[in-house]
Structures are given as structure tokens and as C-alpha cells.
Protein chains: 4
Amino acid sequence: MRELNVGMIGYKFMGKAHSNAYARVNMFFDADMQVNRKVICGRDEAGVKAAMDKFGWQDYETDWRKMIARPDVDVVDINSPSYLHKEMAIAAANEGKHILCEKPLAFSTADAREIVEAANKAGIKHQVGFNYRFAPAIVLAKQMIESGRLGKIFHFRGSYLQDYIISPDYPKVWRLDKSVAGSGSLGDLGAHVIDCARYLVGEIDRVVGMEKTFITERPIAASMTGVSATAQANSPRETVDVDDATHFLGEFKNGALLSIEATRFAAGHRNDMSFEINGSKGSIKFNLERICELQYYNAEAEEGFQGFTTISVTEGTHPYVYAWWPAGHVYGYEHTMVHEVFEFVQAIANDKPASPDFNDGLKCAQVMEAVDLSAQRGAWVEVDSL
Amino acid sequence: MRELNVGMIGYKFMGKAHSNAYARVNMFFDADMQVNRKVICGRDEAGVKAAMDKFGWQDYETDWRKMIARPDVDVVDINSPSYLHKEMAIAAANEGKHILCEKPLAFSTADAREIVEAANKAGIKHQVGFNYRFAPAIVLAKQMIESGRLGKIFHFRGSYLQDYIISPDYPKVWRLDKSVAGSGSLGDLGAHVIDCARYLVGEIDRVVGMEKTFITERPIAASMTGVSATAQANSPRETVDVDDATHFLGEFKNGALLSIEATRFAAGHRNDMSFEINGSKGSIKFNLERICELQYYNAEAEEGFQGFTTISVTEGTHPYVYAWWPAGHVYGYEHTMVHEVFEFVQAIANDKPASPDFNDGLKCAQVMEAVDLSAQRGAWVEVDSL
Amino acid sequence: MRELNVGMIGYKFMGKAHSNAYARVNMFFDADMQVNRKVICGRDEAGVKAAMDKFGWQDYETDWRKMIARPDVDVVDINSPSYLHKEMAIAAANEGKHILCEKPLAFSTADAREIVEAANKAGIKHQVGFNYRFAPAIVLAKQMIESGRLGKIFHFRGSYLQDYIISPDYPKVWRLDKSVAGSGSLGDLGAHVIDCARYLVGEIDRVVGMEKTFITERPIAASMTGVSATAQANSPRETVDVDDATHFLGEFKNGALLSIEATRFAAGHRNDMSFEINGSKGSIKFNLERICELQYYNAEAEEGFQGFTTISVTEGTHPYVYAWWPAGHVYGYEHTMVHEVFEFVQAIANDKPASPDFNDGLKCAQVMEAVDLSAQRGAWVEVDSL
Amino acid sequence: MRELNVGMIGYKFMGKAHSNAYARVNMFFDADMQVNRKVICGRDEAGVKAAMDKFGWQDYETDWRKMIARPDVDVVDINSPSYLHKEMAIAAANEGKHILCEKPLAFSTADAREIVEAANKAGIKHQVGFNYRFAPAIVLAKQMIESGRLGKIFHFRGSYLQDYIISPDYPKVWRLDKSVAGSGSLGDLGAHVIDCARYLVGEIDRVVGMEKTFITERPIAASMTGVSATAQANSPRETVDVDDATHFLGEFKNGALLSIEATRFAAGHRNDMSFEINGSKGSIKFNLERICELQYYNAEAEEGFQGFTTISVTEGTHPYVYAWWPAGHVYGYEHTMVHEVFEFVQAIANDKPASPDFNDGLKCAQVMEAVDLSAQRGAWVEVDSL
């Protein structure tokens with residue numbers, strides 16, 4: 001079987017999740033290429049060496065420019081801090097490497113356009129890490145909408161709720177630093193919901209929103225693991241320059257209404273992305289913390305027997321599930337990334353466009369920029385104006 | 001025991017629910033006055049007579065002006081179609097009668113102000129029919145917030161979702177006629193959520209919203225029972241001039257963020273008012289279709305054992321529950337109205353202000369007018385500017 | 001309209017619930033007779049007078065024999081402590097009065113047979129207070145099973161879980177005294193589940209079970225309200241002679257399997273009667289604390305879209321719901337008793353058999369006696385052998 | 001790091017799940033040995049070679065006796081059809097190999113005793129595949145019970161419900177053949193619940209139960225994948241000699257009551273193992289299809305705020321979770337096996353007893369045999385009598 005050598009930049013949370021995906025894709029799916037975990041790259045040599053051993057990579061680099069230039073690397077996987085995405089993606093494209101880039105693709109519409117152009121010029125395969133598109137329940141939702149099961153769509157209401165920064169003593173970690181993360185709740189959380197909205201319902205026409213920073217000063221961070229972090233002892237407080245919460249309304253081009261909220265101040269919600277879609281023939285509800293379930297209301301069901309049905313999306317006929325376990329045996333978060341990688345490998349192997357690609361990253365950036373502008377102006381903004 | 005004679009205008013859905021409340025209040029609560037169902041009033045003599053017999057009233061009238069003038073009427077209960085509320089309330093106040101008026105109090109801030117002035121001038125007790133304030137779970141929520149259990153509030157997100165007008169063949173009933181109902185989803189459904197938001201979190205500072213009429217033409221109605229309706233045969237289509245869905249964002253004066261959605265196009269939701277409140281110390285969730293339950297997340301619970309707790313608000317220590325059944329024996333929708341009437345009777349009997357009163361009706365009207373204006377202007381509107 | 005005069009023995013929890021039912025039946029249902037709350041009867045004159053006023057009865061008696069003999073009483077409602085049921089029911093039958101008797105009808109199969117014989121001989125209408133048969137969701141379940149929606153039934157598993165006597169300091173109230181209550185968890189709680197099993201699935205052929213008293217000695221009770229109770233100060237401990245928990249397995253005559261558990265030691269369950277029925281074409285689940293909901297699994301639904309559907313049994317087409325509120329407006333515990341009384345009134349008015357009648361009380365007593373015997377013998381017992 | 005070479009017999013559902021576990025254990029956990037997928041063994045050469053490639057094993061064998069004798073094999077993993085477990089386990093023990101054997105360990109108490117003796121004599125490490133003991137929520141439950149959070153235990157009620165053989169046309173696959181599977185629902189499903197009961201509450205003293213075969217004749221199987229199967233065309237019907245459903249009651253040695261049901265006839269339940277435990281200080285509920293959640297009722301929580309709390313067992317402080325993802329990122333079924341393998345590796349590496357070991361397999365066999373006997377005799381059976 002043809003082999004596909006991956007070079008990956010980043011080895012923390014996302015690096016671990018992607019490593020797992022590369023390790024498992026051929027074990028569970030009949031991919032048309034054999035994926036090799038070739039080179040892992042990070043600035044801290046001790047750290048990246050340990051990650052290489054732990055996650056089963058063959059080699060490591062500490063200089064990403066050197067890594068992307070290696071002839072034994074076919075695919076560059078970018079899961080470094082967000083502010084580096086643009087530079088790395090353009091450089092990798094220029095090297096002619098296929099790219100899987102974590103979201104957000106870029107901090108602005110303008111930057112995203114540059115990346116798309118570089119990728120197009122290079123003729124590479126490119127994909128952006130909207131991994132929830134690969135949750136079986138969300139693919140099922142997509143199939144249901146496309147086949148007309150929900151009829152004409154009226155409402156999409158989605159939210160991504162977390163709660164790990166509510167304490168004023170939680171430090172200003174990199175995710176709260178605009179120069180590194182680009183954005184707060186909107187870019188980190190809202191981006192996933194925007195992508196789901198676009199994937200499932202269509203392009204967004206216009207938005208109006210608000211952004212809020214509840215805690216405007218925080219101590220300096222000493223360390224961070226996952227989302228846990230400690231502050232430096234007796235740290236002075238620095239200004240937080242990203243949004244703690246963002247909420248916007250909007251209208252799709254097809255006339256459906258939209259509401260998307262992203263917040264890190266919703267006590268009790270650890271990682272709760274959820275959405276509901278209402279159409280003329282039915283509704284669906286999804287909740288990431290019950291990733292194997294889809295709630296479905298069929299308005300055409302027999303009168304007196306209507307109601308939301310909890311579908312366990314674990315049947316062999318459900319998307320991707322055939323590769324895993326029998327019905328009722330649940331899967332988890334990281335499975336989305338195995339599916340994501342599988343589809344990217346198939347796109348490369350069969351020379352077909354990957355999806356979601358950098359254009360989807362650009363479209364998402366446009367919506368986010370429109371939301372930012374709207375919050376500044378206090379008025380509606382057309383997405384296509386950006 | 002002192003007696004309190006009620007004269008009620010309206011005998012359909014609300015008239016039935018209020019009749020039940022008057023019939024049950026002394027049976028379950030130790031109210032300080034004995035309530036008599038004295039006179040029921042409606043335009044259709046056959047209809048109102050039948051209602052009198054069915055609902056246990058002593059007398060009837062077909063002319064509301066005559067009814068409110070009767071010396072044997074102490075309290076006027078107004079649950080007629082909304083466009084009549086203003087005229088009736090002012091007239092009843094001028095007669096010196098205490099008033100329980102269904103929501104919406106009025107179609108505009110200006111009208112609501114006139115009613116408040118008339119009531120204040122008359123020195124009567126007045127209450128507006130925001131009956132969900134009397135759901136035990138919502139009173140419990142209020143107590144929890146007031147005692148600091150949720151800490152500083154960051155978010156209120158509420159919605160009232162229904163689905164009975166999704167079909168384009170559902171006729172233009174009175175609730176879809178602006179001249180009769182004043183407003184669509186916003187006034188009918190959103191008003192309840194606005195009142196809960198104000199009751200639980202505080203006054204709203206500013207809003208931005210959108211309104212949408214998905215189906216702009218409908219056949220003429222032949223009949224309506226509850227929310228079921230039939231169209232006239234071969235009816236021409238008339239223009240619908242109210243909102244099918246309204247969604248707005250906002251900020252409370254205390255800095256918390258707000259989202260309220262009201263729609264009649266959410267398939268699968270028959271009568272689903274729900275809200276969630278997130279604070280620094282915890283969160284709560286409420287859902288009207290599970291009226292006896294309150295979800296509570298205590299952020300100060302022991303680490304590793306946190307999560308949303310489903311409180312069955314059926315303990316003897318919970319608000320109003322002592323009057324009903326032992327723990328775990330559930331109550332329903334109409335119980336809110338028994339509590340509502342009980343509190344109104346107590347206010348009259350003890351010469352204390354009723355709550356929520358016409359000022360609450362006015363405040364709600366202000367918010368709704370701000371939302372309407374915002375939707376027209378495409379920009380934020382300050383509530384106090386109205 | 002013809003009138004029906006009720007004389008009721010008992011004025012505590014059940015007396016209040018029945019009073020409410022009589023007060024509401026004509027207000028919501030088009031019953032063929034007008035029900036009058038004629039006489040309420042209790043041993044304590046002050047108590048029964050207060051109940052008369054509170055619950056709206058016209059007269060009272062302190063001697064039940066005198067009451068049942070009154071010519072102005074048509075129906076005798078027996079909700080006194082269980083040990084009195086037999087004597088009262090036979091006496092009332094002998095007076096030719098129709099009887100609504102709370103469960104358990106009797107403490108033994110032999111006693112129940114005597115009561116049935118007296119009732120048959122008198123030719124009266126008789127009904128036993130298995131009020132959950134009148135929960136709309138359970139009637140819907142019955143309709144579904146009868147129309148073949150569940151196919152051939154394989155399993156009925158039901159339980160009635162409470163938790164109010166877990167503390168060893170909870171006193172020995174009348175419900176824990178065999179001479180007064182007849183039985184513990186089995187007769188108080190299990191009886192309801194047995195009746196549901198029989199109503200929905202059919203007659204029970206044989207059973208094997210166990211009974212347990214976890215706390216064998218308790219202080220003497222000073223007072224009891226609902227299920228709350230206080231012990232006498234420095235009370236000696238008396239032996240508890242009823243079962244704290246009973247669990248039995250069995251087989252229906254139609255071959256389906258059966259499991260019924262009743263316990264007062266299930267922490268967190270205040271009043272949780274629930275059951276699930278599995279058939280070849282589908283399953284249903286019911287839970288009393290969510291009385292308005294029925295979970296339905298349709299095994300013949302489209303592949304990939306199967307799952308349990310939460311039906312809100314609040315549609316106008318659902319049993320009894322037409323009389324109440326629009327869809328999505330929930331009802332509660334006491335509504336079952338309004339329906340129960342309605343059906344009893346209709347049986348009397350139209351000279352048709354009431355249901356569930358004393359024969360159902362007898363059948364239930366047979367099953368309970370079989371369970372008791374099985375627990376003593378440690379072996380299976382045929383129900384019909386008793 | 002020291003290496004541990006595994007030789008595995010079986011390559012279907014369990015073989016795939018175990019392969020995944022061996023592949024992931026060192027990637028996520030800091031195990032004290034490096035696990036090598038050395039040899040995979042199966043009778044069909046083409047099949048086992050394909051599995052070797054797919055699941056990343058280094059070599060294969062078609063003769064299990066040859067495989068267990070290989071000096072480069074340290075651990076033998078037995079997930080062949082159940083009837084072979086005894087012979088293989090004893091042979092592997094005699095070769096001095098550590099053994100991880102799938103459940104059921106054996107078909108009878110006598111057989112299980114022989115295996116235990118062989119293992120003890122050989123002085124090897126042995127573990128039995130009760131993988132649900134390694135679900136984080138179940139380990140958390142264990143910790144809660146051991147630390148006294150639930151107080152004295154009164155009830156364990158568990159069930160394992162499936163529905164894939166309801167159709168009479170589903171063929172007689174190996175799981176329905178006593179000579180191959182040993183038992184039906186009891187050994188396949190009930191065994192898991194028995195193990196949870198023993199793990200969490202303690203040893204079982206006595207049981208009484210029933211077994212039922214609803215469909216007594218089925219066509220011959222043509223093929224089976226997971227639990228899906230097809231019948232041979234025009235197949236005659238063979239007698240089914242295992243139980244479709246088994247349900248038994250019992251008492252633990254500590255006095256708590258027990259109910260365990262296993263059935264393949266519960267429509268709507270694909271893989272639903274669930275249990276609830278009630279104690280004097282609280283209760284817990286678990287459901288395998290929501291494997292990341294544990295419901296906890298704390299009877300000592302503040303009055304008025306009690307209720308079942310849904311704990312998302314995804315915090316870094318929860319058992320095993322630290323190795324995976326941040327809070328709220330869910331895991332699935334196969335993670336239990338990674339934990340299972342991790343613990344087995346640690347037992348070997350550190351020369352400590354593995355758990356659950358073959359003695360647990362024996363204890364489970366004792367309970368199952370007691371249930372079988374009870375069903376035959378129609379009476380209670382003491383577990384220790386076997």
C-alpha cells in the first residue's frame with residue numbers, strides 16, 4: 001500500500017489527539033494509504049522527544065521550517081498556537097505539502113485569504129480542523145437535512161459553553177492573550193458552532209452581536225495543562241484583551257434565523273457544544289457531551305405519538321460507525337479526529353478535494369470578523385462585505 | 001371570614017384557568033379572605049351562561065361596563081383579548097376595583113403608563129398575569145439568587161418555543177392579528193420570559209434583536225379552540241402582520257448578558273418556556289414542560305462530585321408545595337394560577353402591594369417596544385429611552 | 001341534571017385528594033350527574049369539621065355507620081386506614097350504597113372475597129382506588145398494547161421506590177403497623193404496580209419473591225403529616241412487623257416475565273413508581289414523577305432512526321387531556337383522581353360496570369398473598385392456588 | 001523499558017478491542033512495561049493474517065498450542081469462543097504464561113476451580129475480562145462506596161438489556177448454542193452485572209431466579225458480524241438450548257438485596273447495562289450507554305436542594321481520566337479495555353496480584369450456577385453450596 005508520511009507541528013493537547021488519530025486510522029478504516037507518524041516538531045527539544053516516544057513518532061525536529069522542507073514529509077499537520085498558523089501554512093504550501101491545519105485558520109479574513117491563495121497556487125490538499133463535522137451524529141444530521149427530512153429550516157440555535165475561567169484568580173493563559181490566540185470565546189469555541197451552522201444550514205448572510213469580558217484583569221500564568229492553569233505567585237494583574245463571552249444573532253442566506261453563543265462563564269458546562277435546528281418537517285438536537293446521541297423530532301410522525309426520539313448513533317448503518325463496535329457500544333471525543341484524518345487521507349490518495357478545506361476556514365473567519373465589527377458598531381454587518 | 005367577590009371578563013382558555021384558581025384557592029391555602037366567583041362576563045350570552053354553569057359562577061353579564069360597575073364586585077379579572085386590556089383596566093380602576101389583568105398589560109409603553117397612572121390614582125391593588133412567577137421552581141430560583149447561591153450573574157438565556165403555526169395552512173387567528181393581539185411571538189411568549197428575566201436577574205439596560213414572519217399570508221380562520229384552528233373553506237389569504245419569531249440579545253443593568261427567543265416555529269416544542277442562569281457560584285435551568293423540576297449546579301460542591309442536580313420541587317419546604325401533596329407528587333400548569341390568585345387575595349386582604357403589578361407590566365412593555373424598535377432600526381436600543 | 005351525593009370516610013391525604021376530585025369533576029368533564037360533596041366523616045369532630053369547611057362539604061358525621069345509613073348519601077367513599085376497609089365496605093354494600101374504596105381493598109384474599117360477594121349481592125357499583133390507571137400516559141399505554149403496537153409482550157418490570165423511612169429514628173407510624181396497614185411496602189406501593197401489570201399485560205400466573213425489614217425496631221410515633229412524622233421523646237423501640245422492601249419475580253399467564261419491586265429504602269426516590277414493558281414490536285417506559293410523559297420505542301420505525309421517543313401526553317387526542325389545557329400544559333398527580341371519579345360517576349349514571357372494581361382488588365390481594373407465601377416458603381407460588 | 005510480549009487467541013470483536021487496547025496503553029498511560037503485539041492466533045489462516053496486518057501484530061499462528069509454547073510470548077490473551085477458555089487457560093498456565101482471559105472463565109464452578117488451581121500452581125498473573133470494572137464511573141462508584149459515601153447498602157438492582165434476537169428469524173448463532181457459549185443471556189450479559197454487584201457491594205449469599213427461552217427454534221446461521229447475522233436459505237429450525245432472558249433476586253452476605261436481569265428481548269436496548277445502588281446515605285445510578293456519567297444522590301445534601309446529580313466522569317481527578325482529555329471531552333466503550341490492560345501490565349511489571357482475577361471468574365461462575373439450579377428447582381440456592 002502507498003505510504004503517507006506526516007510531519008506534525010505541536011505536541012500538546014491537539015498533538016496528542018492527532019497522534020492518536022494517525023495511529024488508529026489504518027487499524028479501523030480501510031484507508032487507501034498507510035499513514036506513518038514520521039516527524040513531530042516542537043521548540044522544546046526535551047518535550048518533543050518525550051512526545052515522539054510517547055505518541056509513536058519516528059523522528060523529531062525543533063525547527064518547523066526545517067521539518068516542512070524534509071522530502072520524507074508528505075503532509076504537514078499544524079496544531080501549534082494559533083498565531084503561527086498563517087506563516088506555517090503558507091510556508092508548507094510553498095513547499096508543496098498537503099496541510100491539515102487546526103482552527104482557527106487565521107485571525108482575519110485578509111490573512112485567511114492569503115492562506116487560501118497560497119494553497120490554491122500550490123495545488124495541494126488542505127483541510128481545516130473542524131473535527132466535529134466528523135461526529136457521526138452531525139454527519140447523520142447533515143444527511144437528514146440534505147434528504148429533506150427537516151423540510152425548510154427556520155432556526156439554528158447553537159452554543160458552546162465552558163466554565164474554566166470563571167474565577168478571577170484563573171491566570172491569563174495563552175488562550176486569553178489576543179496576540180497568541182487571536183480571539184477569546186468566539187475564535188476558540190464559537191468557530192466550531194459557526195462551522196456546524198454553515199455545514200448544516202448554509203451560508204450566513206448577516207449578523208449582529210455582542211462581546212463581553214467579565215474579568216478584565218488576571219494574574220500572569222505560571223503553567224497550563226489542558227485547561228487547568230496556575231498563576232505566578234504574587235503576580236501583578238494584566239489586562240485581558242479577548243472576549244469571555246460572545247453572542248450573536250443572524251440570518252442565513254436561505255432565510256433561516258441564527259443564534260450562536262460562546263462563553264467560558266457558564267458554570268456547570270465543561271465542554272458543552274450543543275445546537276438545535278428546527279425545520280418545517282422536524283427538528284434535531286445535538287450535545288457534544290452526549291456525542292453518540294441525536295435527538296430527532298419528526299413532525300410527520302403519527303399524531304399522538306410525536307416527540308423527540310433519542311437516536312443512539314451507534315448503529316452499523318450510521319456514518320463511520322461500521323468501523324468501530326456493535327450497536328450500543330459508545331465512542332468518544334477523539335473518534336472525530338480519526339474520521340477527520342481518514343477523510344483527509346482519502347482525499348490525498350484519490351486526488352479529490354478535502355473538506356472542510358481552507359475556504360471553510362476563510363468563511364468562518366469572515367463570520368467572526370463580521371461579529372467583531374458588529375459588536376464594535378452596535379449594528380448589523382453583512383458577512384459578504386468582508 | 002371576609003369575602004372577596006370577583007367579576008371576570010373572558011371565559012375561554014384563560015377564563016377557565018382563572019375560574020379553577022378561584023375555586024381552589026381557599027380549598028388548599030389559608031387565604032385571609034374567602035373568594036367568591038360572583039360574575040362572569042362575555043359578549044356571547046349563550047357562551048357566557050354555559051361558562052357560568054360549568055365553572056361555578058353565581059351570575060353573568062354580557063356588558064363589561066355594567067359588570068365592573070356592580071357594587072357586589074370587588075375585583076375585576078381581565079382575560080379578554082389583549083386589545084381590550086387598556087380600556088377595561090382604566091375603567092375598572094376608575095370604578096375603584098382591584099384588578100388582575102392578563103398579560104400583555106398594553107400594546108405600548110405609552111398605553112401601559114396610562115394604565116399605571118389610573119391604577120395609582122385609584123389606589124387599588126393591581127396585578128398582571130405573569131403566572132410563571134408562581135411556579136414553585138421559579139420562586140425557588142428567586143430565593144437562591146437572592147441568597148447569593150449563584151453568586152454574581154453572568155448569563156440569562158431564555159426561550160419560549162411553540163410550533164402550532166408552522167403549517168402555511170394554519171389560519172390567521174386572532175393571535176396573528178396585530179390589531180387584536182398587539183404582537184406575535186414577542187408579546188404572547190417573549191413577555192413571559194422577559195418577566196422571568198426581570199424577576200430573577202434585574203432590570204434590562206439595552207437590547208438588540210430581530211423579528212421574522214416566516215409565513216406572510218394565511219387563510220382566514222373559521223374557528224379556534226385552544227391553539228387548534230381551522231381555516232374557512234377556499235379562503236383567500238390575508239397578510240400576517242405579527243412576528244412569527246423574535247430573538248434579542250441584551251445586557252442587564254448589573255452587567256449580565258441576556259438572550260431571549262420567542263418563536264412559534266420550533267417543531268417539537270408545544271409549550272416550552274425554558275431558561276438557564278449562570279453565575280459565579282452556580283447555575284440553574286428551568287423548563288416549563290417539567291414544571292416540578294429545577295436543575296441546579298453548585299460550583300462550590302466538592303470537586304469530582306459536581307454536576308447538575310435535578311431537584312424535584314415537590315418538598316414541603318419548597319414554595320407553595322406545603323399546600324398540596326407529599327414529596328414526589330407532582331403538580332401542573334394550573335397550579336401557578338392558584339398561587340397567583342392566592343397572593344393577590346393576600347395583598348388585598350392585608351393591604352399590601354401586589355406583585356407583579358402594573359409597573360411590571362409597564363417595564364415588560366418597555367422592553368418589548370425596545371426590541372421592536374431595535375429590529376426596525378437594526379441597532380441597539382436603550383430600554384429607559386422609552 | 002341528576003345529582004349524586006357522596007359521603008366520604010377519611011379526611012387526611014386521601015380525603016383531601018378525593019375532595020378535590022369531586023369538586024373538579026363537573027368543572028372539567030361533561031359528567032352525566034352533578035356530584036355533591038354531601039357528608040364527610042371522621043372520628044375527631046374538630047378535625048372533620050375543619051375538613052368540611054376547607055374542602056367544601058355540606059355536612060359531617062363522626063360515626064361512619066350513621067353516615068352510610070343516611071338516605072341522602074348515594075355513594076360511600078372509603079379512604080380510612082386500611083384495616084377498616086372490609087367492615088365499612090360490607091356495611092355500605094348492605095346499605096345499597098355505591099362504593100369507591102381506596103386500595104388495598106382487604107388484607108387477605110379471603111377478606112377480599114367477602115367484600116366482593118357483599119357488593120355483588122347488593123348489586124351496587126364498586127370501584128377500587130387504583131388511581132394510576134387514570135393517568136393519561138397509562139391509558140395511552142393500554143391503548144397501545146391493545147391495538148398491538150407493542151406486539152407480543154416479553155417483559156414487565158416495575159418498581160415503586162420511596163425513601164422516607166430510611167432513618168432508624170423515623171417512628172413506627174401506622175403505615176409500619178401490620179394491624180392497621182396490613183402490609184408494608186408491598187400493600188402500600190407494590191399494589192399499585194401489580195394493578196398496572198394486570199391492567200396492561202394480563203393475569204399473573206405464579207410468583208417468587210423476597211421481603212425484608214431493614215430496620216426492625218423503631219420509636220413510637222408522636223405525629224404524622226403526609227409522610228413526615230416525629231417520634232415520641234425518649235420513646236422505647238417497638239418491633240416493626242411489616243416489610244420495608246419486597247421484590248418478586250413472576251410469569252404472566254400469557255408467558256411474559258414479571259418483576260415488581262416495592263421499597264421505602266431507595267434514597268433519592270420520593271414517589272417513584274415506574275415501569276417498562278418490552279414487546280416484540282416495541283417498548284414503553286413510564287415514570288410517575290414525570291406523569292405527563294411516556295417513552296415509546298417503535299421497533300418498526302425506520303432503521304437508523306429508532307430510539308425511545310418522549311411523548312408529551314398532553315395532546316387533545318390523548319386520554320382525558322381534552323378536558324384540561326392545550327398541548328404542552330402539564331398536569332399533575334391529583335388529576336388521576338378527577339379522572340377516576342369521572343369514570344365512577346359515569347358508571348353509576350349509565351348503569352355500567354365500574355373499573356377497576358372490587359374484583360380487581362381481589363385479584364391484587366391474591367397476588368400479594370402469593371408473594372407473602374412465596375417469601376415465607378422460599379419457593380414459587382401459583383396465584384390461582386389462593 | 002522492559003518489554004512485554006503478548007500472544008492473543010481470537011481476532012473478531014474482542015480481538016479487535018484487545019488489539020486496540022494493547023496499541024494504546026503505552027501511548028496514554030505511563031505503564032511500567034512496553035507492550036508488544038507479538039503474535040495473533042486463529043484457526044483460519046487468511047483471516048488471522050488479515051487481522052495481523054490490520055491490528056498491527058508482528059506475527060501469527062494458526063495453532064494455539066504452538067503459540068502459547070513460544071518463548072517470545074509472555075502473556076496469553078484468550079478471547080476465543082467460550083467453550084475453549086478452560087483448555088487454553090490451563091495449557092497457558094502450564095506453560096507459565098500470564099493470562100488475560102475473557103469472561104466467562106468457565107461453564108461451571110468445577111471447571112473454574114480447575115483453572116484457578118492451574119493458575120495458582122503456575123504462580124502466574126491472571127485476570128478475567130470484566131472490563132466494566134475499568135469504566136471510570138464504576139471505579140468512582142467503588143471509591144464512593146468504600147469511603148462510606150452511600151452508607152449502609154440496602155439495594156443493588158442491575159440489568160443488562162439487549163434486543164438483537166427478538167425476531168424469530170434471527171438464526172441460531174454461536175451465542176445461542178450451549179455447547180459453544182455455555183449459557184445465553186446469563187453468561188453473556190448477566191455475568192457482567194454479577195461482577196459489578198460483587199465488586200461494588202460484596203459477596204452474594206443466596207439467589208432465586210427464573211430463566212426463559214421465548215423463541216425455542218431458530219434457523220441455522222449462515223454468517224455473523226458483531227451481533228448481526230443471517231440465516232441459511234430455507235434452513236430447518238434447530239432447538240435453542242440457552243436462556244433468552246434470566247432474572248434473579250438475591251441477598252448479599254451483608255444483608256443488602258439484589259436483583260439482576262439479563263435479556264436479549266428488551267426492544268430499544270442495544271447494549272444497556274445499568275444498575276442502581278441505594279444506601280442509607282445516598283444512591284448512585286450507572287448506564288453503560290452513557291458511560292461517562294454517574295448519577296449521584298447525596299441524602300446528606302441540604303434539605304430542599306437534594307436530587308440526583310449527573311456527574312460527568314471526565315474530570316482529571318476521576319479514575320483514569322487524567323490520561324485522556326480535558327474535562328467534558330467524552331470517552332467510549334473501548335477505553336475500559338485500555339484501562340484493563342494497563343492494570344494487568346502493572347500487575348505483571350510490579351509482581352502484584354491482578355484484579356479481577358480468576359478467583360473472581362470462579363465466584364461469578366458460582367453465582368451463575370446457583371441461578372441455574374434455582375431456576376430448575378424453583379427455590380432458593382445458597383451460592384456457597386456450590
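Biologist: How do you know what turn and what shift lay chain B on chain C?

Modeller: Happy to walk through that for this predicted model. Superposing chain B on chain C takes a turn of 180° and a shift of 0.0 Å along the axis, with an RMSD of 0.0 Å. The two copies are thus related as by a two-fold rotation axis. In chain B, Gly332(B) has the C-alpha nearest that axis, 2.4 Å from it.

Biologist: Good. What makes you say that chains B and C meet through the same surface?

Modeller: Contact here means heavy atoms within 4.5 Å. Of the interface residues of chain B, 100% are also interface residues in chain C, so the copies meet through the same surface.

Biologist: And which turn relates chain C to chain D?

Modeller: Chain C goes onto chain D by a turn of 180°, with a shift of 0.0 Å along the axis and an RMSD of 0.0 Å. For this axis, the nearest C-alpha in chain C belongs to Ala379(C), at 2.2 Å.

Biologist: Why do chains C and D count as meeting through the same surface?

Modeller: Because 100% of the interface residues of chain C are interface residues in chain D as well.

Biologist: Last one: what is annotated at residues 4-130 of chain A?

Modeller: The unreviewed UniProt entry gives "domain: Gfo/Idh/MocA-like oxidoreductase N-terminal" for that stretch. In the model, residues 4-130 of chain A are 45% helix and 22% strand, and their end C-alpha atoms lie 22 Å apart.

Key. Residues are numbered from 1 along each chain as its sequence is written. Chains are lettered from A and ligands numbered from 1 in the order in which they are written. This is a predicted model: local features need pLDDT of at least 70, side-chain atom pairs count only at pLDDT 80 or more; totals for chains, interfaces and linings use all residues. Side-chain values use heavy atoms; hydrogens and water are left out. Copies are superposed by least squares on the C-alpha atoms of residues with pLDDT of at least 70 in both. UniProt positions are given in the numbering used here, feature names are shortened, and annotations may be inferred rather than shown by experiment. Helices (H or I, at least four residues) and strands (E, at least two) are DSSP runs, numbered from the N terminus.
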